[in-house]
Amino acid sequence: MRLFAILALAAVLAGPAAAAPQLLGDGGVPDFYAVSGKVKGKPGRLIRQEALEPALVLDNAASAVRILYTSTDGLGGKDRVAVSGALFLPKGEAPKGGWPLLAWAHGTVGVADICAPSLAGRSPRDKTYLGFWLSRGYAVVASDYQGLGVPGGHPYLATRPSAYSMLDSIRAVQKAGFPVSRSVVLIGQSQGGGAAFATAAYAPSYAPELDIRGTVATGTPYFSPEAQAALQAARPRDAVDPTLGYNFLIHSLLEQIDPGFRLEDYVTEAALPLTRSVATSCFGELAGSVVRGGWTFNRAYRADPADRMMPAYALMGYPTLEIPTPVFMGAGAADRDVPPGMQLSLAADACKAGTRIEAHVYPGLDHSGAVNGSTRESSAFVEAVFAGRPVAGNCDALPRPPADPFPPARRLP
């Protein structure tokens, strides 16, 4: 399935961290990420912290700590799990009430524990982006999400696990005595754009005590069977496309949630080692291997697994599109990973549900470029919602997607 088979998921996080079975992607991380015995207590409790290594400290941060905290298994909805992340505080003296807090939701990094951003570090794009917010006096708490770094699988693109991880990261740093504000704004990109939107949607039921003022989401996915079918039809199956790597991230989950699913029934024998490499490599390496190997959909798959994906769609959706606080959405007009038409469909449907949406499309910018390319408008939005000023949005005049959201892909001779 083509990239908008960026579908949910990677693996079911099973109960207590110490008792979790070895799942695809587990291991290779320091002892900090381990939890002895069953995870107990209320969600959002800080378990431990330690200073981040200098190489992992963001520019414009006065201090940076790695954190481990309690949360709720977002797949099962009951068991306690441990989740890792990081907290960055800006330079200077905190204002009365603490530094205004941003909760950052990262984009796709992979499903292996070693890919957790609090351990592996962040891309130049994300360093620039988060450094921008720190330079303007915002603190940043950044969850790794359920199953990244810690034992158990990472449910890639499943919205409830990421939302619970985000909400409990906020609770953890607010309760632990860090100089951060009670109010918070959610920010995220790509997988994280969906996570941020989902966090705002789940907050009223899961963490109603949190004072969430607004959400900034760029490159935000919006999945449906109809959209998936259209995207598959639009993407040539004989083209070398690094977004094919997204497909490979979903297979471990499919193997676990569908007992009848066998990877070998769908992936060619030649491609099997590449698809299995998600257990030990991160997304950048995976995408590079796709390009270097000249992999196309037709070469990688003997059969299309689209017919087995319906259970995954249920995990990737949003519980509601009626978000009680305003949402900023930024899309690159040249985004091939999450086409602007898909993002604007979410904006339109959220508007119909009653959400105040401020949507922007950025000409010439791709999926990654929209992150830092949107900061002029998004920073004004964040400033306004923290100050309690009304955000009117532009639901009455949403931007239109470009006529051709899919620039020509490189085809094999």
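# Crossing helices and two disulfides

Guide: In this predicted model, the axes of helix H3 and helix H4 (residues 191-206) come within 8 Å and cross at roughly 70°. Axes here are lines fitted to C-alpha atoms, for helices over the stretch in contact, with angles running from 0 to 180 degrees between N-to-C directions.

Visitor: Why is H3 called roughly perpendicular to H4?

Guide: Angles of 65 to 115 degrees count as roughly perpendicular, under 35 as roughly parallel, over 145 as roughly antiparallel and the rest as oblique, and the crossing at roughly 70° therefore makes H3 roughly perpendicular to H4. Their contact, meaning heavy atoms within 4.5 Å, involves residues including Thr-159, Tyr-164 and Arg-171 of H3 and Ala-195, Tyr-202 and Tyr-206 of H4.

Visitor: What kinds of residues make up the contact of H3 with H4?

Guide: The residues of this contact divide into nine nonpolar, three polar and three charged, where Ala, Val, Leu, Ile, Met, Phe, Trp, Tyr, Cys and Pro count as nonpolar, Asp, Glu, Lys and Arg as charged, and the others, Gly among them, as polar.

Visitor: How do you know what span is expected of helix H3?

Guide: Helices are DSSP runs of H or I with at least four residues, strands are runs of E with at least two, and both are numbered from the N terminus. The expected span is 1.5 Å times one less than the number of residues; H3 (residues 159-175) has 17 residues and reaches 24 Å from its first C-alpha to its last, close to the 24 Å expected. After H3 comes Gly-177, whose phi is positive, near 90°.

Visitor: What makes Ser-165 count as buried or exposed?

Guide: Buried means under 20% relative accessible area, exposed over 50%, and partly exposed in between, with a 1.4 Å probe and protein chains only. Ser-165 has 0% relative accessibility and so counts as buried. This residue is found in helix H3, where 15 of the 17 residues are buried. Leaving aside residues up to four places away in sequence, Ser-165 touches Tyr-69, Ser-71, Val-83, Ser-143, Tyr-145 and Gln-146.

Visitor: How do you know that Cys-115 and Cys-282 form a disulfide?

Guide: A disulfide is a pair of cysteine sulfur atoms within 2.5 Å, and the sulfur atoms of Cys-115 and Cys-282 are 2.1 Å apart. The pair links distant parts of the chain, 167 residues apart, with Cys-115 in the loop between strand S4 (99-105) and helix H1 (117-120) and Cys-282 in the loop between helix H8 (272-276) and helix H9 (283-292). With a relative accessible area of 2%, Cys-115 is buried, whereas Cys-282, at 23% relative accessibility, counts as partly exposed.

Visitor: Why is the disulfide of Cys-351 and Cys-395 called left-handed?

Guide: The torsion about its S-S bond is about -80°, so the disulfide of Cys-351 and Cys-395 is left-handed. Cys-351 lies in helix H12 (residues 340-353) and Cys-395 in the segment after helix H14 (375-387), 44 residues apart. Cys-351 counts as buried at 16% relative accessibility, while Cys-395 counts as partly exposed at 29%.

Visitor: How are the residues numbered, and what limits apply to these values?

Guide: Residues are numbered from 1 along each chain as its sequence is written. Local features need pLDDT of at least 70 and side-chain atom pairs count only at pLDDT 80 or more, while totals for chains, interfaces and linings use all residues, and side-chain values use heavy atoms, with hydrogens and water left out.
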